[in-house]
Amino acid sequence: MKRLLPVVVASLLLWLILRNIDISVVIDAIAAISPGVLLGTAILFLLTCALGTTKWRLLWKKAGWWEMLGAGFASLFYSMVLPGQLGGEVAKALRVGITHNDTAAVSASVILDKATSLVALLTLACVGAALSDSSAAARVSTLVAVVAGVLVCLLCLLMWPPVVKTLICRLESVSIAPGTWSRCVAAFNAFLRAWQQQAQRPYILVGAIALGILYQLLVVSMNVVVAAALDVRVEFVDWCWILGLIAVALLLPITVAGLGVREASYVGLLALLDVPAERAIAIALLMFATSLLGAVLGALFELVSYARYKSNPA
């Protein structure tokens, strides 16, 4: 029953959104987009994937760039079949960590990669809301600033060497009988030590956040291109805070592949800028299509990896 719950929630959200929408208008709007726009959007998406891989490799360099790109695509695939985006990140960490026998360090890099991406995302959202002339941005700017501030403070606290050192010392002082719990404690201790190493490289974190901002600018550009093709005129700075809030909503592990959450977020936030629901749904579906492209590539990478393993299990 628990496995079906995300599907039920996604179905309910989609029904609530689509029941008052003219689907034919959505289909006609998407069909009118030129192939050149779709190709350009796909190219921008692939560029974001390449930049995301470069950003992750800045934090952990033991694997090759192409291998990490494949793992990134694989995470998109698992995000389609697991609740929320975090499921894909877990699968990515396990996939690369087991391959290189360094799950703790890989997990630390994946978590830090996600955290720095969120900091970059919300920083850009704050800037976008501050520069926007829309009344909608003024209403959400405080919320975005508070969320960004809390995240930055939390990340700084968890990266502060005395805090990490205290956690490691406390964990090492715990006496647990051999068994499942002792293995869990040992794994978490290894993770904390890998996290401690990351905390000692602040310049790397700054670089990761900078790449994260560039990554998000490409994502915003994708939405601007698609929106313009659908005759939706939303300013670039407004897309910055809109996509920041959408990205945070998609982290919630309540539906499969973010279905329902994505569409509701696009419709609700773009409605603040007087964008018709049909146009908002069209944009959301096209952005979902780019994720599907990544998921298909991820599935292909997984099939190739499985075939290589079967041919050479050693």
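A surface patch here is made of residues with over 30% relative accessible area and no salt bridge, with like charges joined within 9 Å and nonpolar side chains (Val, Leu, Ile, Met, Phe, Trp, Tyr) within 5 Å. A salt bridge is a side-chain nitrogen of Lys or Arg within 4 Å of a carboxyl oxygen of Asp or Glu, and accessible areas come from the Shrake-Rupley method with a 1.4 Å probe. This is a predicted model, in which local features need pLDDT of at least 70 and side-chain atom pairs count only at pLDDT 80 or more. Residues are numbered from 1 along each chain, and side-chain values use heavy atoms.

Leu154, Leu157, Leu158 and Trp160 make a nonpolar surface patch of about 400 Å². Leu154 belongs to helix α7 (residues 135-159), helices being DSSP runs (H or I) of at least four residues. With a relative accessible area of 44%, Leu154 is partly exposed, a class between buried (under 20%) and exposed (over 50%).

The structure holds 4 aromatic pairs. One of them joins Phe77 and Tyr78, which is edge-to-face because the ring centres lie 5.1 Å apart and the planes meet at 65°. Rings pair if their centres lie within 6.5 Å; planes under 30 degrees apart count as stacked, over 60 as edge-to-face and the rest as tilted.

Two loop residues have a positive phi although neither is a glycine, as tabulated below.

| Residue | Phi | Loop | Relative accessibility |
|---|---|---|---|
| Asp231 | about 65° | between α10 (202-229) and α11 (236-250) | 57%, exposed |
| Asp274 | about 65° | between α12 (261-271) and α13 (277-311) | 69%, exposed |

Conventions: Helix = DSSP H or I, 4+ residues; strand = E, 2+ residues; numbered from the N terminus. Buried < 20%, exposed > 50% of the residue type's maximum accessible area, 1.4 Å probe, protein only. Phe/Tyr/Trp six-rings, centres within 6.5 Å; stacked < 30°, edge-to-face > 60°.
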